[in-house]
Amino acid sequence: MNSRNTKMTKQTSVFDCTLVTLEKNHQEKGNLTVVTNNHNIPFEIKRVYYLYDIPGGEERGAHAHKELQQLIFALSGSFDITVDDGKSKRTFFLSRPNIGLLMPPGLWRELNNFSSGSICVVLASQEYSESDYIRDYQEFKDYKFSI
Ligand code: TYD
């Protein structure tokens, strides 16, 4: 990542998170929603992963990404995502398969209050890389507030 992008990542705030509503093809037989690159997602999707069979009371996340952008949906059930930029926090309740949370890099996130049987699907801008993670909250704050 070049220094300009690093600076942008450090400057992202919880107010850069947005809810994205995808079109719902509604029929009597059920709904259908389509996700395509270059149409309704502001990044190229390089990876899709999902969380499921989450035990009651479990929490996921508790990390930040340096570069990764994500669009996160509750494909089934519901859960909360709390985002944190080191100064402010916001909590989003996801419960619709066609309304996703678009997250820029540089934000700490925690996912909890998963309903029974819920499925969290994540569309991601990059392949998996452990070096893109910050898993220590103090390290995250140091990263955000260093020049
Ligand atoms: P992690 O992203 O920490 O999960 P969560 O934030 O939902 O708690 O990933 C959990 C484990 O899975 C971790 O050891 C890394 C691994 N993993 C992959 O191997 N590939 C992936 O694409 C992802 C997202 C995780």
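How many residues apart are Tyr137 and Phe140 in helix α2? Hi everyone, let's start there. Tyr137 and Phe140 are 3 residues apart in helix α2, which spans residues 137-145, and that puts about one helical turn between them. Please keep in mind that this is a predicted model.

Let me stay with the aromatic rings for a moment. A pair of aromatic rings is described by the distance of the centres and the angle of the planes. The model has 6 aromatic pairs. One of them joins Tyr50 and Tyr52, with 5.6 Å centre to centre and 40 degrees between the planes, and it is tilted. Tyr52 itself is partly exposed, at a relative accessible area of 47%.

Back to our opening pair. The ring centres of Tyr137 and Phe140 are 5.9 Å apart with the planes at 40 degrees, so this pair is tilted; the tilted class runs from 30 to 60 degrees. Is Phe140 buried or exposed? Phe140 is buried, with 0% relative accessibility, whereas Tyr137 is partly exposed at 31%. Together with Trp108, Tyr137 and Phe140 make up one aromatic cluster. For those of you who like cation placement, there is also Lys10, which lies over the face of Tyr143 at 4.3 Å from the ring centre.

Now to the nonpolar interior. The largest nonpolar core counts 18 residues, and Ile72, Phe79, Ile81, Val83, Leu101 and Cys120 have the most contacts inside it. Two or more residues each come from β6 (70-76), β7 (79-84), β8 (89-94), β9 (99-103) and β11 (119-124). The largest share, 3 residues, is from β7. Take Val83 as an example: beyond its neighbours within four places in sequence, its contacts include Val14, Cys17, Phe92, Leu101, Met103 and Trp108. So you may remember Trp108, which also belongs to the aromatic cluster with Tyr137 and Phe140. There is a second, separate core of 9 residues too, with Leu22, Ile41, Phe43 and Leu123 among them.

Last stop, the ligand. Which residues are around the ligand? They are Arg47, Tyr49, Leu51, Arg60, Gly61, His63, Tyr128, Tyr133 and Arg135. If you are setting your eye on polar distances, here are three. Arg60 has a polar side-chain atom 2.9 Å from a ligand oxygen atom. For Arg135, an N or O atom of the side chain is 2.9 Å from an oxygen atom of the ligand. His63 places a polar side-chain atom 3.4 Å from an oxygen atom of the ligand.

That's my tour, thanks for listening!

Methods. Residues are numbered from 1 along each chain as its sequence is written. This is a predicted model: local features need pLDDT of at least 70, side-chain atom pairs count only at pLDDT 80 or more; totals for chains, interfaces and linings use all residues. Side-chain values use heavy atoms; hydrogens and water are left out. Rings of Phe, Tyr and Trp (its six-membered ring) pair if their centres lie within 6.5 Å; planes under 30 degrees apart count as stacked, over 60 as edge-to-face and the rest as tilted. Buried means under 20% relative accessible area, exposed over 50%, partly exposed in between (1.4 Å probe, protein chains only). Helices (H or I, at least four residues) and strands (E, at least two) are DSSP runs, numbered from the N terminus. A charge sits over a ring if NZ of Lys or CZ of Arg is within 6 Å of the ring centre and within 35 degrees of the ring normal. A nonpolar core is a set of buried Ala, Val, Leu, Ile, Met, Phe, Trp, Tyr and Cys residues joined through side-chain atoms within 4.5 Å. Contact means heavy atoms within 4.5 Å. A residue is near a molecule or strand if one of its heavy atoms lies within 4 Å of it. A polar contact is a pair of N or O atoms within 3.5 Å; within protein, one must be able to donate a hydrogen and the other to accept it, and residues adjacent in sequence count only if both atoms are side-chain atoms.
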